[in-house]
Every structure is written in C-alpha cells, then in structure tokens.
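The following exercises are to be worked with the sequence and the coordinates at hand. Each task is followed by a solution in steps.

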Amino acid sequence: MPKFLIKLPSQKKHIFEFHEEIKIGRGEECNLIFPDASVSRHHATVYINDDEVLIEDHESQNGLVIDGVKAISGTPTPLGSRVEIQIGKFTLIFLTDAQEDQFYRNKSITYLPKYSPSSVIADQEDTLQLSRKQATQILRDQSTLNNACILSSDGRRFYPENSELHFGGSKAHVKVDGWFTGGIVATVSWNGHQHEIIKKGSFMTSVLVNDKSITKRTLNINDTITVGRSIFKYVLGNSKS
C-alpha cells in the first residue's frame, strides 16, 4: 500500500497509508487534512492509476513543490520512491510497497505513528498567502531541516532533522576518536531555522568548526566539523539517501 511519511514542523514523523484517490487540504472534506493556514481547503489530489501514483495541485494559494520544483496547477505529476513534496509548511515523502521503502534513512517506518490531524497544532484561519520571500524561506528552512546531514570520513550520513544528534562515546549517535570522548562531547540540534552545534562535556575535548574552536555555533552547508580527532562535513543530502 502506498504511503506518505509526513514531517510536521518541529514534531515527530508520521505515516499516512492510502489505497485509493485522496484529497489533501485544510478542509474537513479532505482525506488527508493539514489544519494549517499555509494549506488551501482543497490543496491537491492524489490519484492511483493502475500501478502509477500521481499528484495534482488544485490552484492552491501557495502551490505544490515536488523535489524542489513548483508543480503546474492542473497537471498530474507521477510520484516515484522517496519523492519529496512540500505542501505549505508540511513535507511529505512518498513511499512505495518496495522492501527498501520499509526503511527511511536506515530506520524502520513500522514504528512510526499513524497520522491524525490532531497531531498538528491547528491554525484554521483563512488560507495564509505566503509572500515570495516567505515561501522561499520556508522551502529553504525545510530543505535544510529535512536533508542537511553530518557526513563522516567513511561516508556515513547522520541526519539530525529536528532531533538532537549526539557526538561522543559508545552511547552517542556519532562515535568520535580522541581523548576524553567517552560521554557526550557535542550535540547538533535544530533552532527553528538552522542546525547548531554545541560543545558539551570535558573542556579537554576540542570541538572545531572550520578549524575554529567553538562552544556554540549555527552551521552552514559545507562547514567542516572536528570533534576530538574525528572530522565531519555538514552537507545537504536528499530524501532518497
């Protein structure tokens, strides 16, 4: 059964499964309801045509962005595995029945909660018309939140998204080498617009960004991070990695 992995602003991921045509929007008549003013009452429709799944924008106020490209209203667009869809402030990742789509960034989706509109802090006012600047900023922020990652020297990717990513010893998400790195020595978390790194633990452990010692700093794409003797890059990945 096809499904959407739904990323809510500053909240946990959810899953929404469907087996037939669905309407997406803010209105109660929709099958997939996003109670937020950035979403039109009937924003888009998803069709199932044999083995093909398509999505169509319905002249929504703020449009539909698919893998970074604004969709043409009234023109159905086919969806493939891990395609990323932006609807207002919400990000949807399309997942198929394929075995590889039972995992997202090396984590099983089995344990994700089912989506419910009650999961969202509702804003049911009239549709908010985002200015070009606001829409661009939302897309930029969501792209960074969803796809920025820590790249290790051996090629592994760690996506902090809106959780706190720990650097350190055996209990940390990201293991580092060096003296006095047995606990949590640094964290990366989301501050609402950017990821930021904070030094923790022993003052004996060095935490550098672009070769400069830090205690706290927001990260920019392509920054080099050094924790102890381990070196990482902060890069922009994508929903398919």
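Strands are DSSP runs of E with at least two residues, and helices are runs of H or I with at least four, both numbered from the N terminus. The model is predicted, so that local features need pLDDT of at least 70 and side-chain atom pairs count only at pLDDT 80 or more, while totals for chains, interfaces and linings use all residues. Residues are numbered from 1 along each chain as its sequence is written, and side-chain values use heavy atoms, with hydrogens and water left out.

**Exercise 1.** Locate Gly 63 and determine whether Gly 63 is buried or exposed.

Solution.
- Step 1: Gly 63 is found in the loop that runs between β6 (52–57) and β7 (64–66).
- Step 2: The classes are buried (under 20% relative accessible area), exposed (over 50%) and partly exposed in between, with a 1.4 Å probe and protein chains only.
- Step 3: Gly 63 has a relative accessibility of 5% and therefore counts as buried.
- Step 4: With residues up to four places away in sequence not counted, Gly 63 touches His 43, Asp 57, Lys 70 and Gln 86; contact means heavy atoms within 4.5 Å.

**Exercise 2.** State the strand order of the open sheet of 6 strands and identify which strands stand at the edges.

Solution.
- Step 1: Two strands pair if DSSP finds at least two bridges between them.
- Step 2: The order is β2-β1-β11-β10-β7-β8, and the pairing is antiparallel.
- Step 3: β2 (13–17) and β8 (69–70) each have a single partner strand, so one side of each is left without a neighbour in the sheet.
- Step 4: β1 (residues 3–7) is joined to β2 by 5 bridges in the antiparallel sense, and Lys 7 has Lys 13 of β2 as its bridge partner.

**Exercise 3.** Describe the cover and the partners of strand β14 (residues 148–152).

Solution.
- Step 1: Of the 5 residues in β14, 4 are buried; Cys 149 is buried at a relative accessible area of 0%.
- Step 2: β14 runs antiparallel to β24 (residues 230–236), with 5 bridges, and Ala 148 has Leu 236 as its bridge partner.
- Step 3: A further antiparallel pairing, over 2 bridges, joins β14 to β15 (residues 157–158); here Leu 151 stands opposite Arg 157.
- Step 4: β14 and β15 make a hairpin with 4 residues between them, and Gly 155 in the turn has a positive phi of about 95 degrees.

**Exercise 4.** Which residues are linked with Glu 161 in a network of salt bridges?

Solution.
- Step 1: A salt bridge requires a side-chain nitrogen of Lys or Arg within 4 Å of a carboxyl oxygen of Asp or Glu; the count comes to 9.
- Step 2: The closest N and O atoms of Lys 7 and Glu 161 are 2.7 Å apart. Glu 161 lies in the loop between β15 and β16 (165–168) and Lys 7 in strand β1, so the pair ties together parts 154 residues apart in sequence.
- Step 3: Lys 13 meets Glu 161 at 2.8 Å, N to O. Lys 13 lies in strand β2, so this pair ties together parts that are 148 residues apart in sequence.
- Step 4: Arg 105 meets Glu 161 at 3.3 Å, N to O. Arg 105 lies in the loop between β12 (103–104) and β13 (107–108), so the parts tied together are 56 residues apart in sequence.
- Step 5: The network thus comprises Lys 7, Lys 13, Arg 105 and Glu 161. Glu 161 is buried at 9%, Lys 7 at 5% and Arg 105 at 11%, whereas Lys 13 is partly exposed at 22%.
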